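Hi,

Here is the structure I promised to pass on. Have a look at it first, and my notes follow underneath.

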Amino acid sequence: MRSLKNEIEQRGMRIFELVEQHLESPFSKAGFHQRMMALSMRDEQLKVHLFRLVDVLPSLRTSAEVIEHLQEYLADTSDGFTPLIRAGVRLAGVVPWLSARVLRWNVSEMAHQFIAGENPRDLMKTLRKRRAQKIGFTVDLLGEAVVSEREADEYAARCLELLEILARETQGWTDPLGKNSGLFPVVNLSVKISALYSQINPADPTDAIAHLAPKLRPILRRTRELGAFINFDMESYDHKNITLELFKTIFTKREFKDWPHAGIVIQAYLRDADADLRDLIEWGRARGTRFTVRLVKGAYWDYETMKSRQNGWDCPVFFQKPESDTNFEALSRLLLENESIVTAAFGSHNVRSIAHAQVFADELGIDRSRFEFQLLYGMAGPIKRALVELGYRVREYCPLGELLPGMAYLVRRLLENTSNEGFLRAKFAENVSAAELLRNPDELIKKDGAARSVACVQDRQRKNDASLDTASGDIYENSPLVNFVCKESQDKMRSALREVRSRFGEKYPLVIGGEKVWTDQLTPSVNPSAPTEIVGYAAKAGIPEAERAVKAARAAFRKWSRTPFEERARLVERAAEILERRRFELSALEVFEVAKAWSEADADIREAIDFCRFYAQQMRRLGRPKLTQQVPGEESYHHYWPRGVAFVVAPWNFPIAILCGMTSAALVTGNAVIMKPSEQSIICGAMLMQVFEEAGVPPGVLNFLSGHGSVIGAHLVDHKDVDLIAFTGSREVGLKIWESAGVTRPGQRELKRVVCEMGGKNAMIVDSDADLDEAIGYSIYSAFGYQGQKCSALSRLILLEENHDRVLERLIPAAASLRVGDPEEPGIMVGPVIDESAYRRILDYIEIGKSEATLAYQAKEVPPHGYFVPPTIFTEVKPDMRIAREEIFGPVLSILKARDLDEALEVANGTDYALTGGFFSRSPANIERVKAQLEAGNVYINRSCTGAIVGRHPFGGFKMSGGGTKAGGEDYLLHFLLPRVVTENITRHGLAPERAPEYRDEFLWPRPKQ
Ligand SMILES: Cc1cc2nc3c(=O)[nH]c(=O)nc-3n(C[C@H](O)[C@H](O)[C@H](O)COP(=O)(O)OP(=O)(O)OC[C@H]3O[C@@H](n4cnc5c(N)ncnc54)[C@H](O)[C@@H]3O)c2cc1C
């Protein structure tokens, strides 16, 4: 082992010696780029500004725009380089035209650093130069972010075209090493599967493969005919399993089974990488034909860590850089040990990783012409040269395309080059010694690092238990979403769907005062995708049951209101645990009862869990009587009492989350509750009742009534013994409740409190500099996700005149690419609407739209049965048209045009509603303006306007969207409580304790007598 260590060090030193002989900056071009890199490496904040500026630049059309952005991004940067930047920004103010040109030119030069050519002609110039240096190539067509099938088809066509050009232009080129050249065709193409199908859904690998395979086959055939090689690049983790599965599926089929010139990537930064590589090798052996694996560390580390943290998922990548390096070495050995079936391509610029592979190949007696090193265009030139000199096969990864579609690639390279942990930075910018760079990475792993993921879970528990001393912004850790990338989750969901289906038609009772109550009427609940299927029946309550429920609640209230908040908090936490346990089953029920897509259904259950835990935590914060001021001789304690009997009325579109949120808030604050689900989601309601019963809610504290809103709903709203109404639903019903609750009835004790959340007519504005890949993807999701039936859904997309046509050109094909169908199938985005009356109402609105505006798109094919409304887009919509003002609650999107941002804001704010709103822009100044001026309870910048998360995005609107309450927010529980203060003079003849305790709760919950 020791000799292997010495060997690696010696080999590494040799490479370094050769590198020193040809030393040049790895970023080869001096000037702007190098200065930018140097600045970025010294100042993280400045780096973010600089890279954001680079990102937006290609989409700016005028010099004035360029200068505005330059000023917005850099004028206020406070760091040691300010004078330099200030000077640049000042110059821009004086000669904008010149400065804009210079800046554009510099950025485009910098892009040329990493992009081998904007067009095939430029590319060929590069490839010829490399050929002279004995360096081969693989070409990558830039433009991985496709939003529609039209764009995906264009990408496939461009791949074919490129293959022809490469084959033609490289005729007569021979392998630089001459030996084993049969393993390494000259023409080598790298493809990204996300660019070939716009609707990849990680939950549905079968669908992805069914669409990708036919698109790939013609490319593969042509590659084979031309004697070329194809490589499937690896992208983010959510595409990993699909890419591997696709590769194995295609190359197991007869047509390509004996073709050796295909490769795939394994990313060593993934914890799964070892298992995936072993599986591939086993597959390769069974197939019996060689294939290639390009081993890399992985280019999406920042994205993966951020995304998994946002969603509460286990992080798929290692946390420590040396772990990735060590894994790279272990996987290099595995590859070389299986050289008889797999050709290794080592994709790294790290001399230690490279030297290790070389030494290990020598150990195994593998000739250096039987594997290759691959490096990126524009990076680590001296290392490439050194490897060629040492007689190794070197291939350069050459991106081809224009800057705009290449921006994602460029930003990845900039991040990589400036990363604190990167090899290139350490070697070429920080001059770390060769000995240090060649250290065995295994020795550098901090052994307590592995405990980090465990620590995350403990951290979550600690945070959620915390009561009084947590800082704002760090108060609550959400329950993780189910990650449908994992096959195990897909399987669990499938089996839950089967299980729930087998219980179709079961009957559920009302629950009043702890008793199951049946009435002589049952209400059926149907599957909107197949209305002949009855998901279940619930007993239907009438006025007598409503009366009984009020009495039961009233009777239970006294004791419940005096139950210590800790006990109440534990009850709702137990409910959260049960929801967690029944998570897949309840999600499956939502798929059938309200036609939610898998991930939407799961998000609903997650939200319900979060509501329980978050409100429990908030109650612990609020529950204890708190001293108002420390004054001698007197103590005053501010605290809360529950209001009384709460009537909870919930909608069907978040059938468990919203019902559970309002109910858990009412319960944890000590109110007794009558819970009424929507008529369209009674089975979900019945399930939630089961959850609370199992959690141990005392009889009468929670009562479950299902029935007509117009009958029992109206009766209970008006009831003198109902003290609080928590309502989420339509504006029509909400306003009636609001008015009716304002009337004081004979015998009424309290002024009724109404928590009222209603609909929206939500707008998103797309600025002229917006990232259109993102704007289009998120707009489509916000408008058509869950069939547009979220109260937060986008219904008005406001485009600036300047980019109106450009956005539409991509938006309409994107809408046309959506998968419409029965959401029982994973990966369906648009299902049926909730029921026949919604179906008819939305179709009526579409007719109104046709008469008012221009029908720009309507899906042609939707399933014939079920309440499927085709996704529809209207253009030329004016602000005063009905489709621009009235809530449609379906998959209908209106496009409005605005002259400029002022007008766009005026249009956005010009409705009765103020629920959600969004803005896509890369102008910091415009973003600040919209943040300040958009009239919406929840404003979202550069993301979808749906999907609020408890604690993170407290949700609720104003104007006709609601009474200004924020579900999932810190002040929500206050609406369920009455504030009280008790003051006691504690002086006796001048004698008083020095200090009063900060909290006292004995008087609220007297300890039982011993
Ligand atoms: C020819 C070629 C093709 C490539 N194709 C792909 C591809 O298809 N898919 C893909 O994802 N990447 C691909 N890459 C990109 C490659 O993953 C990065 O260039 C590479 O990770 C940089 O690694 P390195 O060994 O050159 O540098 P090093 O500096 O040694 O390693 C940097 C890498 O370490 C990892 N890392 C950084 N910080 C941490 C941390 N805290 N904890 C754990 N790991 C960390 C990251 O992967 C990072 O990129 C390719 C690279 C090359 C050269």
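Sorted by class, the residues in the shell around the ligand come out as 13 nonpolar, 10 polar and seven charged. That shell has 30 residues, and the closest ones are Gly298, Ser324, Ser348, Glu416 and Phe423. Do bear in mind that this is a predicted model.

Three polar contacts to the ligand may interest you:

- Glutamine 267 has a polar side-chain atom 2.8 Å from an oxygen atom of the ligand.
- Phenylalanine 318 brings in its backbone instead, with a polar atom there lying 3.2 Å from a ligand nitrogen.
- Phenylalanine 319 also uses a polar backbone atom, and here the distance to a ligand nitrogen is 2.8 Å.

How much of the ligand's accessible area does the protein cover? On its own the ligand has 940 Å², and 94% of that is covered by the protein. As for where the shell comes from, the elements giving it two or more residues are strands S4 (262-267), S5 (291-296) and S7 (372-376), plus helix H14 (321-337).

Elsewhere in the chain, I also looked at an open sheet of three strands. Its order is S14-S15-S30, and the pairing is antiparallel. Strands S14 (626-627) and S30 (977-985) are the edges: each has a single partner strand, so one side of each has no neighbour in the sheet. In general, strands of a sheet pair through backbone hydrogen bonds.

Taking the pairs in turn, S14 is joined to S15 (residues 634-642) by two bridges. One pair of bridge partners is lysine 626 with histidine 638 in S15. Six residues lie between the two strands in this hairpin, where glycine 633 has a positive phi near 85°. On the other side, S15 and S30 run antiparallel and are joined by nine bridges. Glutamate 635 has glutamate 984, in S30, as its bridge partner.

Now, how far to trust the model. The protein has a mean pLDDT of 92, with 93% of its residues at 70 or more. Two stretches to watch are these. Residues 453-458 stay under 50 in pLDDT, and the model gives them one contact beyond four places in sequence. Residues 466-473 are also below 50, with seven contacts in the model beyond near neighbours in sequence. Where pLDDT is low, the predicted coordinates should not be read in detail.

Shout if anything is unclear.

Cheers

Note on methods:
Residues numbered from 1 in each chain as written. Predicted model: local features only at pLDDT ≥ 70, side-chain atom pairs only at ≥ 80, totals over all residues. Heavy atoms only, no water. pLDDT = per-residue confidence, 0-100. Contact = heavy atoms within 4.5 Å. Near = heavy atom within 4 Å. Polar contact = N/O pair within 3.5 Å; in protein donor to acceptor, adjacent residues only side chain to side chain. Areas by Shrake-Rupley, 256 points an atom, 1.4 Å probe, with all protein chains shown as cover. Helix = DSSP H or I, 4+ residues; strand = E, 2+ residues; numbered from the N terminus. Nonpolar A, V, L, I, M, F, W, Y, C, P; charged D, E, K, R; others polar. Pairing = 2+ DSSP bridges.
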